[in-house]
Every structure is written in structure tokens, then in C-alpha cells.
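Open the model in your viewer and keep the sequence panel beside it. The stops below are given as selections, each followed by what is found there.

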Amino acid sequence: MRLPNMSTNFLLTPIPESSDQVISKDVKLAILGSSSVGKTAMTVRYLTKRFIGDYEPNTGNLYSRLVNNEGEQLFLQIQDTPGYTQVQEDFFQVMDSISKCVQWAEGFLLVYSITDYASYQAIRPLYQHIRKAHPDAKIPIVIVGNKGDLLHARQVPANEGIQLANELGSIFVEISTSESFQDVSDVFQHLCKEVSKLNLHCNGERRRASVIPRPRSPNMQDLKRRFKQALSSKAKSASLG
Ligand SMILES: Nc1nc2c(ncn2[C@@H]2O[C@H](COP(=O)(O)OP(=O)(O)OP(=O)(O)O)[C@@H](O)[C@H]2O)c(=O)[nH]1
């Protein structure tokens, strides 16, 4: 599903044309938070390993990638969402695209900057928005305190992040996107794993692996045997009648 009003930025690894295997799992993640907390930087860091300093304010890009998560191949889509502040002119438009994104995604990164207390305060309403949209589902959510390298400018103590996450029942991690690719990667990988587990659970069946073999052509021996069986039971019922 494409989200309306959102451009698509495909950092796409081509899907291999394997003869007898098809990719079976989609994982749809969304990254939400106030403006300038580092949502785009985090996403690009995860997908390219690089930290790129400056981005245009983002209006909502969808990134797609094939990833390997603990041996399981996933078709990962990450929706980067526009940052919002409650005073901005296009607040309702932004909230509308965030709402669509919240409906669409299966796992969420809620990001604030440790240097911006208001961005921390935006996490709870975003969290409630997600819970409202998915009242019955145990949607995986990770709260991320980003810009952990800017300790001199810290406005949000780490224990406030921990406290909020405990209260909301989600996972919390403080990271620096600029300093650690590994930390960023761990967050995304964790969320992929949780969504993938949940999908298994929700489908009510254990899918054997991330790849499902294409159906094979019918077994001729088996067809002949069943045909014979059908003929003999017909013959029996004719002789009885
Ligand atoms: N020092 C430091 N700067 C960071 C970090 N992560 C992001 N930034 C910087 O923060 C600024 C905002 O980053 P973006 O990724 O554009 O933030 P965003 O949340 O996508 O912002 P919007 O597009 O407005 O929603 C950029 O100048 C980044 O270089 C970090 O971990 N440390």
C-alpha cells in the first residue's frame, strides 16, 4: 500500500529472481517524532551505514530494502514521516499523513532528541495515537532518545526516557546516530524481529521459513491412484444399485 501524499525514495536492493523461492515476509515500519530529532538521519544511517549531516525537511519518504534478519529474509519498508510541532501552519495536514502512516505500519520508532525537551513531550501523544489506531494489537514500539553524543546540550535526563518507556510498556534506548551505526542498526533489527514474530503469531500458523517454495506441479502417480479409487467406488455403488 502506498501512502497518499508521500513520495517514494527507493533505496532498493533488487529482489533476486530465484527459480523456486518467493519472499514471504513484508515488514512495515514507521519512524515518528518531532522536527529535527534525526528521523531521516537514522533511517539513512541504517540503510547506507553513512551519517549524512543535513537533509531537507522531510515530507514523508518511503524507503524499501531487502534485509536479512537472523537468517530470515525480509522485505522491509520504512516510512519516514514529517516532523511536527503543534504550532506549525500545516499541522492538520501533517497529522493526516501521520494518521495514515499509523494505520499502515506494523512497528514504530518514536524518536526524540535528548537536546529538545519538547520533542520528548511529543512521544506520549504519538504513542496514544498508535494505541488508539491498533487497540487490540500488541504493536511493537521502540522509544529512541537520539543525539546521545550532544551531552553538553542535554535537556532530557536518561531516566526520564526509561520512566516513560516503563510506563508505556515499550522498549527504550538512547543512541547517537552520528556516532554509532551499530546502535541504529540494532534498533531497526530488533523491531524487524518483533514485527516478524508478531506476524507469525497473528497468522495463526507457523510459516516454516521466510521463503515459501513455489507449488510444484501435481504428482502424476498420486493423481492416477486417486482416479482409480474414484472409478472403483463408482463401480461398487453401481453394482449395489
Ligand atoms: N549531533 C548529532 N546530530 C544529529 C544526530 N542525528 C541527527 N542529527 C542532526 O539533526 C538534524 C536533523 O536531522 P534529520 O534527520 O533531518 O531530522 P528529522 O527528524 O528527519 O527532521 P524533519 O525532516 O524536520 O522531520 C540534522 O542536522 C542531523 O545532522 C545525532 O545523533 N547527533
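Select β6 together with strand β7 (residues 141–146): the two run parallel and are joined by 6 bridges. Strands pair here if DSSP finds at least two bridges between them. Within this pair, Ser 113 has Asn 146 of β7 as its bridge partner. Strands are DSSP runs of E with at least two residues, helices are runs of H or I with at least four residues, and both are numbered from the N terminus.

This is a predicted model, in which local features need pLDDT of at least 70, side-chain atom pairs count only at pLDDT 80 or more, and totals for chains, interfaces and linings use all residues. Residue numbers start from 1 along each chain as its sequence is written.

Now add strand β3 (residues 26–33), which runs parallel to β6 and is joined to it by 5 bridges. Here Ile 31 has Leu 109 in β6 as its bridge partner.

Keep β6 (residues 107–113) alone: 7 of its 7 residues are buried. A residue is buried if 20 or more other C-beta atoms lie within 10 Å of its own, exposed if 12 or fewer, and partly exposed in between, with C-beta atoms placed from the backbone. Gly 107, Leu 109, Val 111 and Ser 113 point one way from the strand, and Phe 108, Leu 110 and Tyr 112 point the other way.

Center on Leu 110. Beyond its neighbours within four places in sequence, Leu 110 is in contact with residues including Leu 32, Ile 123, Leu 126, Tyr 127 and Ile 141. Contact means that the C-beta atoms, placed from the backbone, lie within 7 Å.

Next, select helix α4 (residues 123–133), whose buried residues are Ile 123, Leu 126, Tyr 127 and Ile 130. Viewed down the axis of α4, these buried residues fall within an arc of 100°, so they line one face of the helix. The arc is that of the directions from the helix axis to the C-beta atoms. An α-helix has 3.6 residues a turn, so residues three or four places apart point the same way. Pro 125, Gln 128 and Lys 132, on the other side of α4, are exposed.

Step back to Ala 122, in the loop between α3 (117–121) and α4. Is Ala 122 buried or exposed? Ala 122 counts as buried because it has 23 C-beta neighbours inside 10 Å. Not counting residues up to four places away in sequence, Ala 122 touches Gly 33, Ser 34 and Tyr 112.

For a wider selection, take the largest nonpolar core, which has 45 residues. Such a core is a set of buried Ala, Val, Leu, Ile, Met, Phe, Trp, Tyr and Cys residues joined through C-beta atoms within 7 Å. Leu 29, Phe 108, Leu 109, Leu 110 and Ile 123 have the most contacts inside this core. Helix α6 (residues 181–202) supplies its largest share, 6 residues.

Move to helix α1 (residues 39–48), where 9 of the 10 residues are buried. Lys 49 follows α1 and has a positive phi, near 70°.

Finally, color by pLDDT, the predictor's confidence in each residue, from 0 to 100. The chain has a mean pLDDT of 79, with 68% of its residues at 70 or more. Over residues 1–20 the pLDDT is below 50, and this stretch has 33 contacts in the model beyond near neighbours in sequence. Where pLDDT is low, the predicted coordinates should not be read in detail.

Methods
Two residues are in contact if their C-beta atoms, placed from the backbone, lie within 7 Å.
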